[in-house]
Every structure is written in structure tokens, then in C-alpha cells.
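Here are my notebook entries from a browse through this model. I looked up the ligand surroundings and then the way the chain is divided.

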Amino acid sequence: MNLLSLIKGHATFAHGGVHPQEHKEETAHLPIRRLPFASKLVVPLSQHKGAPAKPIVKVGEEVVRGEPIAQADGYVSVPMHAPATGRVSAIGLWPTAEGPKAPAIIIDVYDAASQQILYEEELDILHLAPDEIVRYVKEAGLVGLGGAAFPSHVKMLPPTGKSIHTLVVNGCECEPYLTCDHRVMLEHTEALLRGVRIAMRATGAHLALIGVEDNKMDAVRAIREKLKKEESIRVRAVEAKYPQGAEKMLIESLLGEQIPEGGLPVDLGVAVYNVGTLAQMGELLPRGRGLIERVVTVSGAGVERPGNYLVPIGTPVGFLLHEAGVDAGANRVILGGPMMGMTVASLDVPITKGVSGVVVSAPEESIRGDRKVFPCIKCSRCVEACPMRLNPSMMAQLAKMREYQRMESEFHLNQCFECGCCAYVCPANIPLTQYFRIAKAINRERPALAS
Ligand code: SF4
Ligand code: SF4
């Protein structure tokens, strides 16, 4: 804990991290608004970690809002549901944020499609056994809405010999610009707490710790107010410091423990869920509904009507930006936050389950990148900023020499979770994170090339 957090009394992780300008004031006070349907919704079959879903509808078929349209293909996979009533016009390849085109179900939405969800089944959540909850969480198509998009049900079942005692709930939202989780904590507090209780029952956790950055004290108060004397769920303010919302950092801040290298939260008896995911769990499960929409922050200097929009999954980014008053053609568009998000090449890319924000820069503004790169001056700022205690400067030198294996074996490259702190502080503008992303990709592919 550093001096500032000692004075403020708010826990934090011990090493590294940065304090980028927050840019949250534009949208943090704006209530969530519902977006109308685009005429065409594009539902990619792979919006999550794991195997893509398999379509169960055909071209020409009519689909009803909320109806399953693709089933999970295996354990680490989730189904997809129709975000609006309409007709399937195609099942084929569509641009994705990651670059290459990927299979998707395209729905032509009926002009008069209503927001009503007819496809649902009421569940008596209080009397479901833990394994039944896990099954319904999977059927709801729930994944980590904080950006990771890892299927939520998988984290509920610890591997043999392990158990979960604590649920860590991530309400940090440490990326600049993003405020969707903040609004969810304020406006959907009951649903969030319902989701926390459901996840506790499914995992067997007897304690839930909700960590919220101390720039959102109104959310801390809102949750405390609803909790009253519920001892097993606690909310704690943590220092506003990027990347506080990374699961390794938040576990350290709240529990004072570090995940061992190559390990997972479950090794410490912990499961980590984002507040947005649990609010959806609390909303959807009692009604037996599937995930068909999410809250997305639209912000940045190029946005006329910034805000937090409730967006149907599959809405093209271009449509969302048009509704938010953006002349998107002239701007740089980032999906997610500016620290870890991805610049999109095509505005046809749809909003998927893991997209928490769309950040747009005006033509003259550079949110990141586009800066002249200089040689390393050995200032060690990147080393001080790295929350994983890595040596980014040394790894960058090795990356230039294509010594990718050495980066991994001697400098713990795989511990890097691409938070961007090192690149953010580097006075030489060296694109360190990009080097590490490429190095990891090559190390993953090399054995395949050799065999
Ligand atoms: S991107 Fe990787 S190396 Fe750089 S600060 Fe983050 S964890 Fe450390
Ligand atoms: S911050 Fe940049 S210039 Fe300084 S040591 Fe690291 S890589 Fe070199």
C-alpha cells in the first residue's frame, strides 16, 4: 500500500500502476438510455473465449426477441439469443474487431419490432441446486462483460480438489472514459446484489467482496445502503489506479494475496466476476432469459451525444455512433477503453457481449499512438509502472532481436497481461505492449510451425 492510499485508507496493489486522465465526467452522471434497433443485427458465433456457438436457425427463418439462435458447442462455450424479432437473412462471414471475418447470424429486424421479450421462463432461483444454477447461467449465454468474455458458468465449477470460498466482484472500471459499470452499480443495485447471491450459491463462496474505485463513492454508498446488515457481502473502496480492475490486482488489493505465476484465482479459492455480469445474472436468471443487450459507454472528443446506452448485441458500431451523433468517418474508433481496447477498421463490426465502451477521438486528437518513436533512454519508468514487476525495457530489446523464447523463459513474458502501463509512461513512445502481444502470438504459433 502506498502513502496516498494509507492516508485515504483505501486498499491498492503494491507495485506499479498509473493514473491516466480519467475523462469520466462526460458520462458518469448520465442515466442509461435505451438504443433503438438497427435494421440489421449481426450476432457473431464467437463472442466469447472457447468454442464458437453452433447455429440452430436457418436462413429465412423468423426469430423472436430472446429466442436461442445458436447453441453452445462444448463446455467452454455459450449459446446466442436473438436480440430482436425479425428474419434470419444470412449466416456467413462478417468483419470482427479482431480483424479477420468470422461466422455470424444476420437478422433483418422487423420495422415494428418491439422491445418486449416474449421468450422467457420464470425460475424459482431460491430453490435451485448449485448445479442447476450453473446450467441456467450457461443457457443464458452469460460471459464476462468487463471485456474478457470468459463463459461465466465455467468459473463456477472449480477443478477437482479445489474449492471457492470468496467471490471477488469487480466494480473498479479503471479504464479512462468508461462509466457503464458505474451506472449499472447506481441504477441496477438490486439486480447486482441478486447476481452476487446467485453466484455465491452456485460457487459455494461464503463471502463476497465488491471492490469499487474511490472515484465512485456514490456507487459504494448505493450498494451499502441496499446491503444493510448482510454480513456475507461487503463493499470496499479501493484506490483509483489503473489497472485496479485486472483480476490479479484486485485480488491483491482486497485479499492481500498474489496469484502464483501461471496460476488462476481458483488456486486461492477465489472466483472473480465483473459487476455488469452479475447485474445481468440477477436480471436474467429469475426470468430464464438469455443475454441480448448490454450497457455500452460512448464517449470521447468526437461524440456529440456521449452517454451510456443499452445496446442490443449485434448492433453495428456505425449505427451506435450515428445515434450518438458522431461523424465516424473522420475519427479513430476504439472498442473498449483506450488502454486495452482495439481500434476498429470497419464500422460494420457489431457490438458483442464483451464490448464495454466505444471511445472516439476527434480528427485532431490522438487518444494514443501516432507519436514519433525514439530509442530507449534506460529511464526505467516502464519497470516502475509494471504491476506484474516485469522488465518491459529488457523484453523490448529482446523483441527487437526476435528472441521471443528468451522473453518467456527468462523474463516471464506470459505474466504480461497487456495492460499498457509501460507503454503509457515510456518517454520514448516505444510501443511496448504491441511488442509483447506479437511475441506471445509467435511463441504460441511456433510449436505448430515446427511440427
Ligand atoms: S503491458 Fe505487460 S509489461 Fe507492460 S506494464 Fe502491463 S503487464 Fe507489465
Ligand atoms: S520507459 Fe521507455 S525509455 Fe524508459 S526504460 Fe522503459 S522502454 Fe526505455
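I started with ligand 1 in this predicted model. Around ligand 1 I listed Cys-386, Pro-387, Met-388 and Pro-392. The list goes on with the run Cys-416, Phe-417, Glu-418, Cys-419, Gly-420, Cys-421 and Cys-422, and Phe-436 completes it. Sorted by class, this shell has 10 nonpolar residues, one polar and one charged. I also looked up the cavities, and the largest cavity is the space that ligand 1 takes.

Next I turned to ligand 2. Its surroundings include Cys-376, Ile-377, Lys-378, Cys-379, Ser-380 and Cys-382. Ser-393, Cys-426, Pro-427, Ala-428 and Ile-430 are also around ligand 2. By class I noted eight nonpolar residues, two polar and one charged for the ligand 2 shell.

Then I checked the domains. Domain 1 covers 3-29 + 122-287, domain 2 covers 39-120 + 292-360, and domain 3 covers 381-450. For domain 1 and domain 2, I found the C-alpha centres 24 Å apart. Their contact takes 32 residues from domain 1 and 34 residues from domain 2.

How much area is buried between domain 1 and domain 2? I noted about 2,500 Å², with 62% of that area given by carbon and sulfur atoms. On the domain 1 side, Tyr-177, Leu-178 and Cys-180 supply 20% of the area buried against domain 2, more than any other three residues. My last look was for salt bridges across the interface of domain 1 and domain 2, and the rule finds zero.

Notes:
Residues numbered from 1 in each chain as written. Chains lettered and ligands numbered in written order. Predicted model: local features only at pLDDT ≥ 70, side-chain atom pairs only at ≥ 80, totals over all residues. Heavy atoms only, no water. Near = heavy atom within 4 Å. 1 Å grid on protein atoms, 1.4 Å probe; cavity = no way out; pocket = protein on both sides within 12 Å on 5 of 7 lines; lining within 4 Å. Sits in = over half its atoms within 2 Å of the grid points. Nonpolar A, V, L, I, M, F, W, Y, C, P; charged D, E, K, R; others polar. Domains from an automatic or database assignment. Contact = heavy atoms within 4.5 Å. Buried area = accessible area lost by both parts, 1.4 Å probe. Salt bridge = Lys/Arg side-chain N within 4 Å of Asp/Glu carboxyl O.
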